[in-house]
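Hi,

Here is the structure I said I would pass on. Have a look at it first, and then read my notes below.

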Amino acid sequence: MIKTKKQGNLIIISGTTCAGKGTVIKKLLENHNDIVLSVSYTSRPKREHEINGVDYYFVSKEEFERKIKNDDFLEYAKVHYGDYYGTPKSEVLDQLETGKDVILEIDVQGAKQIKEKYPETILIFIMAPSMEEVKRRIKLRGDENNEQIISRFKVAYNEINQINNYNYVVVNDDLSLALKKVEAILISEKLRVDRIEDVFVENQEEIIHEFLIDKEFDNSKINIE
Ligand code: 5GP
């Protein structure tokens, strides 16, 4: 009776540093094979545990700038420490076309650019329960120097001030609850009336007529005006 758009939803998940958005996204991907994560390009150096083509495509600054000129990005921004980060255009549009929901794990600047180009994008902001907790989580991670940590804190404060650009905010004080909240958002977004392309309503008169002539049905008990 209802035909909805085949195209997947474009979803942005941003969040303050150490808010746990990476873990929420990982669980989301494990639980739903119709959701994919876009792998960004970056000019920042690869961390030891990271894998090229999985965490990011790691390229030089020159290569990144060549791709900007080539119009290869849906959006790009300088996020931490003057390094570029960007979302590849053709991969994302192709995935949406096949009906997959595509998650972009990008910062507030990128989110703003995408929302301007694609206003139907769903924007979710994941927050740590407090900045004290962020401090604790950064220390635990321990793979950055003081200058880098301070830069991350500044970015985090700046990002929190921009959550008005988002549609939803999820505080991650309990991972399984945060995950449930994000899943609820994505399920509801699939049910939006503006995703309907067509509604087929069968002829009412015909349906009633068929109903009445059905031999099994005792129509003497019903009074139809
Ligand atoms: P990290 O260096 O810790 O991997 O990521 C730092 C920040 O870059 C994160 O806040 C992440 O959301 C953002 N980021 C990652 N990929 C992209 C991208 O393609 N575009 C934009 N604008 N930001 C990104």
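Which residue does the side chain of Lys190 meet in a salt bridge? The partner is Asp101, with 3.1 Å from N to O. Lys190 sits in helix α7 (residues 175-190) and Asp101 in strand β8 (residues 101-104), so this pair ties together parts that are 89 residues apart in sequence. The two ends have their own surroundings: Lys190 is partly exposed, at a relative accessible area of 29%, while Asp101 is buried, at 3%.

Before going on, please keep in mind that this is a predicted model.

**The chain as a whole**

You will find eight helices and 11 strands in the chain. The radius of gyration comes out at 24 Å, whereas the globule rule gives 17 Å for 225 residues; the value is well over the rule, so the chain is more spread out than a compact globule. If you want a box for it, the C-alpha atoms fill roughly 85 × 40 × 30 Å along the principal axes. As for burial, 39% of the 225 residues count as buried.

**The ligand**

This is probably the part you will open up first. There are 17 residues around the ligand, and the closest are Ser40, Tyr56, Glu75, Tyr85 and Asp107. For polar contacts, start with Arg44: a polar atom of its side chain lies 2.8 Å from a ligand oxygen. The backbone takes part too, with a polar backbone atom of Thr87 at 3.4 Å from an oxygen of the ligand, and a polar backbone atom of Glu105 at 3.4 Å from a ligand oxygen. How much of the ligand does the protein bury? Taken alone, the ligand exposes 520 Å², and the protein buries 92% of that.

Arg44 has a second role in my notes. Besides the ligand contact, Arg44 makes a salt bridge with Glu50, where the closest N and O atoms are 2.8 Å apart. Both Arg44 and Glu50 are buried.

**More salt bridges**

The structure holds 14 salt bridges, and I will pick out one further pair. The side chains of Glu30 and Lys26 meet at 3.7 Å, N to O. Both lie in helix α1 (residues 21-31), four residues apart, which is about one turn of the helix. Are these two buried or exposed? Glu30 is exposed, and Lys26 is exposed as well. The pair also belongs to a network of salt bridges that links Lys26, Lys27 and Glu30.

**Backbone angles to look at**

Most residues other than glycine have a negative phi. With that in mind, two spots caught my eye:

- Cys18 is not a glycine, yet its phi is positive, at about 60 degrees. Cys18 is placed in the loop between β2 (10-15) and α1. Its relative accessibility is 15%, below the 20% cut-off, so Cys18 counts as buried.
- Asp71 also has a positive phi, near 60 degrees, in a residue other than glycine. Asp71 is in the loop between α2 (61-69) and β6 (73-78). At 48% relative accessibility, Asp71 counts as partly exposed.

**A nonpolar patch on the surface**

Which residues make the nonpolar surface patch? They are Met1, Ile2, Val199 and Val201, and the patch covers about 440 Å². Val201 lies in the loop between β11 (196-199) and α8 (204-213). With a relative accessibility of 68%, Val201 counts as exposed.

**One last residue**

Glu159 is found in helix α6 (residues 146-160). Glu159 is buried, as its relative accessible area is 5%. If you want a distance to check in your viewer, the C-alpha atoms of Glu159 and Asn31 are separated by 28 Å, and these two residues are 128 apart along the chain.

Cheers

Methods. Residues numbered from 1 in each chain as written. Predicted model: local features only at pLDDT ≥ 70, side-chain atom pairs only at ≥ 80, totals over all residues. Heavy atoms only, no water. Patch = residues over 30% accessible without salt bridge, like charges linked within 9 Å, V, L, I, M, F, W, Y side chains within 5 Å. Areas by Shrake-Rupley, 256 points an atom, 1.4 Å probe, with all protein chains shown as cover. Salt bridge = Lys/Arg side-chain N within 4 Å of Asp/Glu carboxyl O. Helix = DSSP H or I, 4+ residues; strand = E, 2+ residues; numbered from the N terminus. Buried < 20%, exposed > 50% of the residue type's maximum accessible area, 1.4 Å probe, protein only. Near = heavy atom within 4 Å. Polar contact = N/O pair within 3.5 Å; in protein donor to acceptor, adjacent residues only side chain to side chain. Rg over C-alpha atoms; globule rule 2.2 N^0.38 Å.
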